[in-house]
Amino acid sequence: MQLTAKPRRTPHLRHLLLLFAATLAVATAKVKPAVAADTSDDAEDRATSTDRPEKPSEKKKKTDEKLPEDTAIKRVGTEMAGYDDTDHVTVLTPSIHGGIENVSGASLSASYLVDVVSAASADIVSTASNRWQEVRQAGSLSGQYKPHDFGVGIGGSISDEPDYLSYGFYGTIIKDFDEKNWTLTGGYGYSHDTAGRCGADGACTPFAVFARDLQRGSFNLGVAWVVDRASLASLTTDVVIENGDQSKVYRYIPMFAPNVAGSVPNGASADYVNANRLPERPLEQLPLERHRFALTLRYAHRYDGSTLRLEERFYDDDWGLVASSTDARWIFDVGRRFALWPHARVHLQKSVSFWEKAYISGPGGPNQDAWNLPLYRTGDRELGPLWTTEGGFGIKWYLGSDAEPRALQLGLSGDAMYTAFTNDLYLTSRTAYLGSLTLEAEW
């Protein structure tokens with residue numbers, strides 16, 4: 001996570017926690033213990049009683065009638081997720097989600113979350129700021145209709161913060177083959193981001209006065225297949241085309257003289273950088289176009305009492321960034337009430353082609369009174385060379401009735417993540433901790 005200095009904006013954390021607590025209560029109330037069916041005449045009388053006595057013929061007619069079976073599956077859930085790292089960044093994310101599916105082949109789902117970010121990272125300290133806080137709200141709505149072996153889906157999302165607005169939509173098609181042993185999916189998504197700027201006093205410039213726009217088109221094609229009676233696999237390709245300015249409006253890049261740049265150490269402190277850099281600090285400038293490509297392979301196998309899930313993702317783009325991510329999770333059943341899993345992930349990354357730990361600048365122009373700045377320059381260490389290892393554990397407790405224990409689920413997970421930045425200012429490494437508490441109900 002790369003952050004830059006922003007003005008302070010205090011979140012209403014009390015309201016967010018109240019929202020989370022209320023959602024927990026709603027989710028718990030949605031699931032009731034199953035009871036044995038009452039087929040006695042008294043039960044029927046209680047369900048159909050009126051002010052007048054019921055005639056035997058009417059009673060028999062109602063008994064013979066069969067109500068249509070309700071095959072719909074409803075779900076509601078809430079999550080409280082948190083992130084903290086050694087670069088003094090903290091994120092708290094309460095969220096809620098819900099949906100209904102299998103209604104004559106149709107489904108509908110929605111979600112809402114709030115990000116409360118508080119940061120005093122090395123990048124912020126290097127700009128003489130102490131800390132900034134910000135709140136982001138995001139929501140999504142999606143639906144799908146697939147009555148048989150062909151279906152379509154649509155969805156949209158919106159994200160809002162004081163100086164950033166993002167919205168988008170997508171559409172998908174799904175087709176099953178060979179009695180659902182093979183499934184082909186394809187889709188397109190579009191999103192539009194607008195970045196603005198806020199001052200130190202918290203007042204934000206209207207987008208009509210200052211704004212940077214980014215448009216993104218995403219194409220994906222995937223195939224999933226049944227490997228055998230206990231195994232599933234899928235392969236997905238994603239192509240993303242971005243147009244617009246992705247440069248951070250708060251990120252200033254230190255410049256160094258040619259005879260100084262080569263001696264700047266990895267992880268140089270803010271004091272060292274400020275003492276050895278040139279006077280100018282230009283804003284970050286990234287290319288105005290980016291073409292991304294990703295290939296993701298997933299595999300799942302069911303053993304007696306456990307499930308293994310593997311994922312491998314390869315990434316490449318025309319900025320020169322190449323990456324590989326490997327993820328593994330092994331879920332073990334512990335009776336009918338618990339599931340436990342270890343989790344591991346490894347990420348390796350090569351930097352973008354214009355990455356420099358210390359950018360070089362010098363006098364230029366006819367009168368030697370201008371500065372010869374590099375065309376592209378960035379301080380986003382997530383674009384630099386790095387590697388990450390992550391590991392953790394999770395547990396899920398099934399709290400439903402004996403007949404349907406998974407109708408109510410309580411989950412807890414935690415991971416630790418270590419990232420090494422092999423050619424970067426300010427930091428050589430970062431340790432982060434991620435955790436989440438979830439409650440989900442289904443009926």
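# Exercises on a predicted β-rich chainA search of the whole structure turns up 18 salt bridges, a salt bridge being a side-chain nitrogen of Lys or Arg within 4 Å of a carboxyl oxygen of Asp or Glu. Keep in mind that this is a predicted model, where local features need pLDDT of at least 70, side-chain atom pairs count only at pLDDT 80 or more, and totals for chains, interfaces and linings use all residues. Residues are numbered from 1 along each chain as its sequence is written, and side-chain values use heavy atoms, with hydrogens and water left out.

## Exercise 1: The whole chain

Find out how many helices and strands the protein chain has, and what share of its residues is buried.

*Step 1.* Start with the elements: there are six helices and 20 strands. Both are DSSP runs numbered from the N terminus, with helices being H or I of at least four residues and strands being E of at least two.

*Step 2.* Now the burial: 38% of the 443 residues are buried. Buried means under 20% relative accessible area, exposed means over 50%, and partly exposed is in between (1.4 Å probe, protein chains only).

*Step 3.* Turn to the surface, which comes to about 24700 Å², with 60% of that belonging to carbon and sulfur atoms. These areas come from the Shrake-Rupley method with a 1.4 Å probe, and for residues only the protein chains shown count as cover.

*Step 4.* Finish with contacts, meaning heavy atoms within 4.5 Å. Of the contacts with a separation of 6 or more, 62% are between residues 24 or more positions apart.

## Exercise 2: Salt bridges across the sequence

Work out which parts of the chain are linked by the D193 and R216 pair, and by the R292 and E242 pair.

*Step 1.* D193 and R216 form a salt bridge, their closest N and O atoms being 3.7 Å apart. D193 sits in strand β7 (residues 182–195) and R216 in strand β8, so to speak distant parts of the chain, 23 residues apart. D193 is buried, at 6% relative accessible area.

*Step 2.* R292 and E242 meet in a salt bridge at 3.1 Å, N to O. R292 is in strand β11 (residues 289–303) and E242 in strand β9 (residues 231–244), so this pair ties together parts 50 residues apart in sequence.

*Step 3.* Check how covered the two partners are. R292 is partly exposed, at 23%, while E242 is buried, at 2% relative accessible area.

*Step 4.* Try one more pair: E382 and R430, with closest N and O atoms 3.3 Å apart. E382 is in the loop between β17 (370–371) and β18 (386–398), R430 is in strand β20 (residues 429–442), and 48 residues separate them. E382 is partly exposed, at 25% relative accessible area, and R430 is buried, at 4%.

*Step 5.* Put the first two pairs together: salt bridges that share partners join D193, R216, E242 and R292 into one network.

## Exercise 3: Nonpolar groups, inside and out

Which residues touch the most other members of the largest nonpolar core?

*Step 1.* A nonpolar core is a set of buried Ala, Val, Leu, Ile, Met, Phe, Trp, Tyr and Cys residues joined through side-chain atoms within 4.5 Å. The largest one has 29 residues, and F256, V264 and V352 touch the most other members. β10 (255–256), α5 (258–261) and α6 (270–276) each supply at least two of its residues.

*Step 2.* Zoom in on V264: leaving out residues up to four places away in sequence, V264 touches F256, Y272, K357, A358 and L425.

*Step 3.* Look for a second, separate core: it has nine residues, including V89, A119, W132 and A432.

*Step 4.* Now go outside, where F169, Y188, F219, V239, I241 and F293 make a nonpolar surface patch of about 520 Å². Residues in such a patch have over 30% relative accessible area and no salt bridge, and nonpolar side chains (Val, Leu, Ile, Met, Phe, Trp, Tyr) are joined within 5 Å; for patches of like charges the limit is 9 Å. F219 is in strand β8 (residues 212–228) and is partly exposed, at 42%.

## Exercise 4: Strand partners

Find how many bridges join β5 to β6, and how many pair β6 with β7.

*Step 1.* Two strands pair if DSSP finds at least two bridges between them. Strands β5 (residues 150–161) and β6 (residues 164–177) run antiparallel, joined by 12 bridges. G155 stands opposite Y170 in β6, and the hairpin between the two strands goes through two residues.

*Step 2.* β6 and β7 are also antiparallel, over 14 bridges, with F177 opposite W182 in β7. Their hairpin has four residues between the strands, and D178 there takes a positive phi near 50°.
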